[in-house]
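Open the model in a viewer and keep the sequence panel visible. The stops below are given in the order in which to select them.

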Amino acid sequence: MIRLPFEHSYAEALPQAGSHVSPASASAPQLHYWNTRLASELGLAPGLDEAALAACFSGAAVPEGAQPFAQVYAGHQFGGYSPQLGDGRALLLGEVIDVQGQRRDIALKGSGRTPYSRRGDGKAALEPMLREVIIGEAMHALGIPTTRALAVVATGDTVYRDRPLPGAVLTRVAASHIRVGTFEYFANRGDRDTLARLAQYTLQRHYPQLQDAANPYLAMLEAVCQRQARLLAQWLHAGFIHGVMNTDNMTLSGETIDYGPCAFMDAYDPATVFSSIDERGRYAYGNQPAIAQWNLARLAETLLPLLDAADTDAAVAQATEVIHRFQDHYQQAWLTQARRKLGLASEQAGDQALADDWLTLLQQQQADFTLAWRYLADVLDGDGGVRLAALCTDGAALQPWLARWQHRLAADGIDAQSVARHLRAANPLYIPRNHLVEEALAAASEYGDTTLLQRLLTVLADPYTEWPELARYAQPASAELARGYRTFCGT
């Protein structure tokens, strides 16, 4: 039996926030993925028995000390409000204090029906669970706050979607699973007592430094907005498209959560959409900051009774001011990262226009987003930017902007080779290219062969170091493969 020093502060503080449920038992659990480094962070010793891991993290044998708890929440899904969603196929096993002293949730995903499953089977297929591994670990290596996968266990059972598929359970580790939708659930039911306790718990867990603020919940709203602004800026600079930015998929901790129909963009286009269910492009790449602000406005609405119970108008005015500042926080975070990715060591007034014009140029030239940023370093190496020009429909069109950029770099007085080294440390070469992800997932799901998966994860764990033998992992898909590419929710 696997032992973890579980605590259950969320379920104990907020018993109304879910239901205790036992996971479904897997018939023939087999470990497909184990995150050794993450396990070490959680205090799990190396060399654990694979059969025991498979049993404990599939639902076949609940880990000692776990108290499985399905969390309830609501959510705005594609703009429409659903008053009760919740963990329809997930269970919080408990919380662990990791080796750094941080409290982290450990939860199963795909572990069977709960009171919140509605008409779903509560199960998960192997392929989307492994997708969550790939994307989550890539985000982690890129320095983007994210939930992470500890394990994926094939259950030996079949799940039915558009066709029969091998079932699996993922173990997810998160700073917490408290969502905007969690607050919406209690606020819209008029349960102010539980809403207040949820807000107090969230404050203590994620923003303890704000507990003595003059208005702690207003300060918490501001802090959540700032975290989300930084997160969205990181998403956009990585070319990441979440695909389903519903309010139940936005955490109060500021971590990226729920890797369903997500993907990374190849050629730069703000209108890029991959999700098969996002028919109108609500969650397109370029819409994501505005949607984040919209989601945060829904959070602000839930907090109004806590901001000023005696004067609703005053509470609305305070919350509105905070939400309006989100765009300023986002623009500041975006420009800070743009300066870093452009190698600018100081701040000058024309930097925003320089960065904006770079993106306009990338769109006009249909250039690969990731490689274009990366190959800027080549220009400073004196090769004339051959690789960068090759990404474009008209490489010569780059020259006026490149001249402006190099003139701007000169103002910082840093030698070109130092800037080039900085650029290669700031701009990744390897991201989860959609065709490589699909290739690895197909081999694992259809043939039980995880060789390509493990190789891809190894590459993505070090996205900034170029290796000639890994050239295929840096290249975008052919136009034929990329055309019409869609991702799916997995439920």
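The tour goes from the whole chain to the nonpolar cores, then to the empty spaces, and ends at a single serine.

**Whole chain**

Start with everything shown as a cartoon; this is a predicted model. Colouring by secondary structure should bring up 19 helices and twelve strands. Reduce the display to the C-alpha trace, and the spans along the principal axes are about 65 × 60 × 40 Å. The radius of gyration is 23 Å, which agrees with the value near 23 Å for a compact globule of 491 residues. Colour by accessibility next: 58% of the 491 residues count as buried. A contact map is also worth a look, since among contacts between residues at least 6 apart in sequence, 73% join residues at least 24 apart.

**Nonpolar cores**

Nonpolar side chains in soluble globular proteins tend to be buried together. Select Phe 183, Leu 342, Trp 358, Leu 376, Leu 388 and Trp 405, which touch the most other members of the largest nonpolar core, a set of 135 residues. Helix H7 supplies the largest share of this core, with 15 residues. Then centre on Leu 388. Leaving aside residues up to four places away in sequence, Leu 388 touches Trp 358, Ala 372, Tyr 375, Leu 376, Val 379, Leu 398 and Leu 402. For the second core, which is separate and has 24 residues, select Leu 31, Leu 38, Ala 39 and Leu 150, all among its members.

**Cavities**

Rolling a probe the size of a water molecule over the atoms shows where empty space is left. How many cavities of 30 Å³ or more are there? The count is six.

The largest cavity has a volume of about 90 Å³. To find this cavity, select Gly 110, Lys 123, Thr 155, Asp 157 and Val 169, the closest to its centre of the 15 lining residues. Show strands S9 (148-160) and S10 (164-174) as well, as each supplies at least two residues of the lining. By class, this lining has six nonpolar, seven polar and two charged residues.

Move on to the second largest cavity, with a volume of about 70 Å³. Of its 14 lining residues, Gln 228, Trp 235, Met 245, Asn 249 and Met 250 lie nearest the centre. Helix H7 (residues 216-238) gives the most to this lining, with four residues. The classes here are six nonpolar, seven polar and one charged.

**Second largest pocket**

Now switch to an open space: the second largest pocket holds about 650 Å³. Select Gln 102, Arg 103, Ala 175, His 206 and Glu 255, the closest to its centre of 28 lining residues. Which elements give two or more residues to the lining of this pocket? They are strand S7 (103-109), S10, helix H6 (192-206) and H7. H7 is thus a place to revisit, having already come up in the largest nonpolar core and in the lining of the second largest cavity. The pocket lining has seven nonpolar, twelve polar and nine charged residues.

**Ser 478**

Finish in the loop between helix H18 (471-474) and helix H19 (479-482), where Ser 478 sits. Ser 478 has a relative accessible area of 37% and is therefore partly exposed. Add His 435 to the selection and draw a C-alpha to C-alpha distance: Ser 478 and His 435 are 9.0 Å apart in space and 43 residues apart in sequence.

Definitions and conventions: Residues numbered from 1 in each chain as written. Predicted model: local features only at pLDDT ≥ 70, side-chain atom pairs only at ≥ 80, totals over all residues. Heavy atoms only, no water. 1 Å grid on protein atoms, 1.4 Å probe; cavity = no way out; pocket = protein on both sides within 12 Å on 5 of 7 lines; lining within 4 Å. Points joined across faces, edges and corners; volume = space filled by probe spheres on them. Nonpolar A, V, L, I, M, F, W, Y, C, P; charged D, E, K, R; others polar. Core = buried A, V, L, I, M, F, W, Y, C linked by side-chain atoms within 4.5 Å. Buried < 20%, exposed > 50% of the residue type's maximum accessible area, 1.4 Å probe, protein only. Contact = heavy atoms within 4.5 Å. Rg over C-alpha atoms; globule rule 2.2 N^0.38 Å.
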